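Subject: The structure we talked about

Hello,

Here is the structure for you to open alongside this message. Have a look around first, and then read on for what turned up in it.

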Amino acid sequence: ESIPLIRDGGRTKVGVESTVLDLTVSPTVILRQGGITFEELRKIIPVVVASGTLQDGIAKAPGMRHRHYSPKAPLVLARGQGAAMVRNICDFIVKHIQGKVGVLATEESAGKYKKAEVVILGSRHDLAGCARNLFTSLRKFDKLKVDIIIAEIFPKRGLGAAIMERLEKAAE
């Protein structure tokens with residue numbers, strides 16, 4: 001609202017582009033996971049650690065201190081993996097039936113969430129596609145005016161780590 005002009009550069013290539021490193025310390029610290037993954041960085045910088053935490057209360061990278069790119073409704077991260085995660089989400093929907101529940105789902109499980117507003121992030125087998133769609137998908141929940149959102153989770157490796165970092169920040 002404070003900027004009179006916004007230039008839309010179109011869709012991003014990765015969706016979670018900005019990997020942010022702190023090269024002022026040893027070992028090198030990943031402050032924010034992004035399009036260049038931890039695994040890719042390890043090939044170039046053998047000793048690198050993932051942190052993403054505030055240091056002495058100071059945010060050393062954008063988006064570390066406050067909810068970042070968050071939908072208006074509270075966002076909750078699912079628990080479990082595979083079929084157990086899907087069951088946990090279905091149980092969550094039933095417990096919150098008095099409100100309008102949104103589910104951020106992958107293609108593989110989207111049809112299992114009855115009585116919820118489902119936004120499909122992409123295929124679990126295409127994390128690059130999920131990363132590209134992440135922020136657009138979160139904004140869809142604002143248009144759907146859901147009361148609460150539950151998001152499927154991903155393994156914290158490769159682009160899954162960057163997706164989870166953004167989802168965890170949105171859930172704070």
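Helices and strands here are DSSP runs numbered from the N terminus, a helix being at least four residues and a strand at least two. With that naming, K115 sits in the loop between strand 5 and strand 6. Please keep in mind that this is a predicted model.

**Overall layout**

The protein has four helices and seven strands. Read from the N terminus, its elements follow the order β-β-α-β-β-α-β-β-α-β-α. Of the 172 residues in the protein, 38% are buried.

**The core**

Which residues have the most contacts inside the largest nonpolar core? They are I89, V103, L104, L134 and L167, in a core of 35 residues. Two or more residues each come from helix 2 (82–95), strand 5 (101–106), strand 6 (117–122), helix 3 (127–144), strand 7 (148–151) and helix 4 (159–171). Helix 3 gives the largest share of this core, with six residues.

**Salt bridges**

How many salt bridges does the structure hold? There are three. As general background, side chains of opposite charge can pair when their charged atoms come close.

One of the three joins the side chains of R124 and E152, with an N to O distance of 2.9 Å. R124 belongs to the loop between strand 6 and helix 3, and E152 to the loop between strand 7 and helix 4, so this pair ties together parts that lie 28 residues apart in sequence. Are these two partners buried or exposed? R124 is partly exposed because its relative accessibility is 28%, while E152 is buried, with a relative accessible area of 1%.

Another pairs K156 with E168, where the closest N and O atoms are 2.6 Å apart. K156 is in the loop between strand 7 and helix 4, and E168 is in helix 4, so the bridge ties together parts twelve residues apart in sequence. K156 counts as exposed because its relative accessible area is 55%, and E168 is partly exposed at 30%.

The side chains of E165 and R166 also meet in a salt bridge, at 3.8 Å from N to O. E165 is partly exposed, with a relative accessible area of 22%, whereas R166 is buried at 8% relative accessibility. The cut-off behind these words is that buried means under 20% relative accessible area and exposed means over 50%, with partly exposed in between.

**A positive patch**

On the surface, R11, R139, K140 and K143 gather in a patch of positive charge. Where along the chain is R11 found? R11 lies in the segment before strand 1 (20–22), and its relative accessibility of 57% is why R11 counts as exposed. K143 has its place in helix 3 and is exposed too, at 74% relative accessibility. If you click on K143, look for P71 as well: the two residues are 72 residues apart along the chain, and their C-alpha atoms are separated by 9.8 Å.

**Backbone details**

Some background for this part: most residues other than glycine have a negative phi, and most peptide bonds are trans.

Which two residues does a cis peptide bond join? The bond is between S26 and P27, with omega at about 0°. P27 is in the loop between strand 1 and strand 2 (28–32).

K115, the loop residue mentioned at the start, has a phi near 65°, which is a positive value in a residue other than glycine. K115 is exposed because its relative accessible area is 71%.

K145 is not a glycine either, yet has a positive phi of about 55°. K145 is found in the loop between helix 3 and strand 7, and at 66% relative accessibility K145 counts as exposed.

**To find your way around**

For a short tour, you could go through these stops:

- Helix 3, which gives the largest share of the core.
- The salt bridge between R124 and E152.
- The salt bridge between K156 and E168.
- The positive patch, including R11 and K143.
- The cis peptide bond between S26 and P27.

Happy browsing, and best wishes!

Technical notes
Residues are numbered from 1 along each chain as its sequence is written. This is a predicted model: local features need pLDDT of at least 70, side-chain atom pairs count only at pLDDT 80 or more; totals for chains, interfaces and linings use all residues. Side-chain values use heavy atoms; hydrogens and water are left out. Patches are made of residues with over 30% relative accessible area and no salt bridge: like charges are joined within 9 Å, nonpolar side chains (Val, Leu, Ile, Met, Phe, Trp, Tyr) within 5 Å. Accessible areas come from the Shrake-Rupley method with a 1.4 Å probe; for residues, only the protein chains shown count as cover. A salt bridge is a side-chain nitrogen of Lys or Arg within 4 Å of a carboxyl oxygen of Asp or Glu. Lys and Arg count as positive and Asp and Glu as negative; His and the chain ends are not counted. The place of a charge is taken as NZ of Lys, CZ of Arg, CG of Asp or CD of Glu. Buried means under 20% relative accessible area, exposed over 50%, partly exposed in between (1.4 Å probe, protein chains only). A nonpolar core is a set of buried Ala, Val, Leu, Ile, Met, Phe, Trp, Tyr and Cys residues joined through side-chain atoms within 4.5 Å.
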